[in-house]
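Student: I am new to this structure and would like a close look at one part, with the side chains explained step by step. Could you start there and then take me further?

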Amino acid sequence: MIADRIVRAAHVENLDHESSAHVIAIEDGVILAVGGEEILETYRGSGTVVHDFPGATVLPGLVDAHAHPVWGSIELGRGLNLGAARALDEVFALIAGHLADLPDGAWVVGFDLDINVFDGAPSGDVIEQRFPGVPVSLMTRDAHALVVSPRVIELAGITGAETFDDASRIATGADGRPTGFVVELRAMDLIFAHYPEIPVPTAARYVSEQLHRLAAAGLTGLHAMDFDDPSEAVYRQIEATGDLPLRVRCSPLVAADSGREAWEAVAAKQALAGRRWSVEGAKFMLDGTADNGSAWFEHPDVHGQNRRPLWKDLDAYRDAVGFFAERGIPTATHAIGDQAVRFALDVIEEVGHPAAGPLHRIEHVESIPDDLLDRFAELGVVASLQPVHGTRMTDPHQNDNWSRRIGPERVAHGWRTRDLIDHGATVALGSDWPIGVGDPRVALADAQLRRPVDEPDALPVQPGQRITAREAHAGMTRATAIAAGADDRLGRIAPGYLADLTVFAENPLILSPERQATNPILATVVDGTVLVHAAEEHLRK
């Protein structure tokens, strides 16, 4: 058989054994053969396109195990990035500069707000003092809360008397009036309903731009932990005129305390797909976040919070996981607190995995005690972790809100990547983009250093949880393939596997983490289609 394209580099790295291979033959998006120069002699024909990357190393395509591409791209496209602000005055300066470019009456929509900028409980009153009458809605860094101005409260008709089926809430002061702190998704939806609408073509442009940026950083796929409107319309819009630059595997959210009708609707979406996107799985949120006091730990935090699940009806959660497992649909459960992780594992042990295909998985796993480490491997549950959360959202001196809330013992048990791997668990690594850094090279370097790779003077966070370069890259290749039930066609460079590849200028496995984070991505290959990124620039050096 003649290949339609051949990729030739200095080295092909499969992460599991040493190899002298450096040539890959591809036909119709599938790898035909892997080897040396003999591959060219055997599989090259008159129409074969040969892509040469001298000195480069080819790895299985990197896949982010947890991201939010549509929502995230829209937020970045229309919103104000507050990620650099470390104090309230800096937040206000960014808002003031943004307002200067907006028409009168326009909303200021911000994201990546560090909750630590507030002296005490977050409040919209301080925004009103600086920007009277301006509708301002700022999403916190964990994306599980908003801090909104009084004008937003007025426009949304919020009274403070609202109640929710789950643990969402509108924070109120001693006088019963809303403070402007809006916690968890159902409460946040009351605000989102009044956001300025983004047309689908505009949203599609935002998403396409961001996905190309992520591909240029080395990603060939990501697992989208949502499928809210306008996701389907956006993906179809992009594919009407071209292709997505990477694969997107979507898992729609099953709302807390929802019933069978909602579950049936999510199950029906499993048939939806395009050329490079598909709906596969169901996402649950068993708890919220420790920063907002809505995570579910065995013991409450220093404020008496972080002690309840989002699902008030835990039998409904158990029944829902069983509903999807019976239909062959894997679940991904957001579980941050130790009790949430424990309960999710208990439920999975009770209902079992889908008969074939992907495994159930638990997302985040921020802090767990020793007795839960073995259960992931014993039950075959994938642990989906985001290294950049541990390195970039906490402070090694424990001066951050997360650390102060849950206390030093639970902080010491945070993001136990090393321990989970040592206990035999499949650990899939992701970013939670745009909440975390989307560049996979940064996440992989952080996982090895346990500190921000771009902050050489920073102290590591739980340094005993460092992992090796090989383990880190396996977490975004082999492990993500297992998590998707695709380890027979993704995560390896071998005949019969899909031709999804990442081409690095240098072999990342022999570089320091600091150099890995800036190692140029020469190309990514998805379905056998080669998307060249920095190759020409690299070859000119």
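Tutor: Let's start with Phe 92, which counts as buried because its relative accessible area is 11% (buried means under 20% relative accessible area, exposed over 50%, and partly exposed in between, using a 1.4 Å probe and protein chains only). Phe 131 is buried too, since its relative accessible area is 5%. Please keep in mind that this is a predicted model, where local features need pLDDT of at least 70, side-chain atom pairs count only at pLDDT 80 or more, and totals for chains, interfaces and linings use all residues. Residues are numbered from 1 along each chain as its sequence is written, and side-chain values use heavy atoms, with hydrogens and water left out.

Why look at these two residues together? A pair of aromatic rings is described by the distance of the centres and the angle of the planes. Searching the whole structure gives 14 aromatic pairs; rings of Phe, Tyr and Trp (its six-membered ring) pair if their centres lie within 6.5 Å, and planes under 30 degrees apart count as stacked, over 60 as edge-to-face and the rest as tilted. Phe 92 and Phe 131 make one such pair, edge-to-face, with 5.8 Å from centre to centre and 80° between the planes. It links distant parts of the chain, 39 residues apart: Phe 92 belongs to helix α3 (residues 88-99), while Phe 131 is in the loop between α4 (125-130) and β10 (136-140). These labels come from DSSP runs, with helices (H or I) of at least four residues and strands (E) of at least two, numbered from the N terminus.

Trp 402 and Trp 415 offer another arrangement: their ring centres are 4.7 Å apart and their planes meet at 35°, so this pair is tilted. Because Trp 402 is in helix α14 (residues 401-406) and Trp 415 is in the loop between α15 (408-411) and α16 (417-422), the pair ties together parts that are 13 residues apart in sequence. Both Trp 402 and Trp 415 are buried.

Rings can also join up in groups. Here, ring pairs connect Trp 263, Phe 284, Trp 296, Trp 311, Tyr 317, Phe 323, Phe 324 and Phe 343 into a cluster. Arg 327 lies over the face of Phe 323, at 3.7 Å from the ring centre; a charge sits over a ring if NZ of Lys or CZ of Arg is within 6 Å of the ring centre and within 35 degrees of the ring normal. Over the face of Phe 297 you will find Arg 410, at 4.7 Å from the ring centre.

Next, turn to the backbone. Most residues other than glycine have a negative phi, and most peptide bonds are trans. The bond from Asp 229 to Pro 230 is cis, with omega near 5°, and Pro 230 is in the loop between β14 (219-224) and α8 (231-241). Trp 433 and Pro 434 are also joined by a cis peptide bond, with omega about 10°. Ala 143 is not a glycine, yet it has a positive phi of about 65°; this residue sits in the loop between β10 and β11 (145-148).

Finally, see how two helices meet. Helix α2 (residues 69-78) and helix α7 (residues 200-216) pack at about 100°, their axes 8 Å apart (axes are lines fitted to C-alpha atoms, for helices over the stretch in contact, and angles run from 0 to 180 degrees between N-to-C directions). That makes α2 roughly perpendicular to α7; angles under 35 degrees count as roughly parallel, over 145 as roughly antiparallel, 65 to 115 as roughly perpendicular and the rest as oblique. Among the residues making the contact are Pro 69, Val 70 and Ile 74 of α2, and Tyr 206, Val 207 and Leu 211 of α7; contact means heavy atoms within 4.5 Å.

Pro 69 is a good place to pause in helix α2. Its relative accessibility is 0%, so Pro 69 counts as buried. Leaving aside neighbours within four places in sequence, its contacts include Leu 222, Ala 224, Tyr 235, Val 248 and Trp 433.
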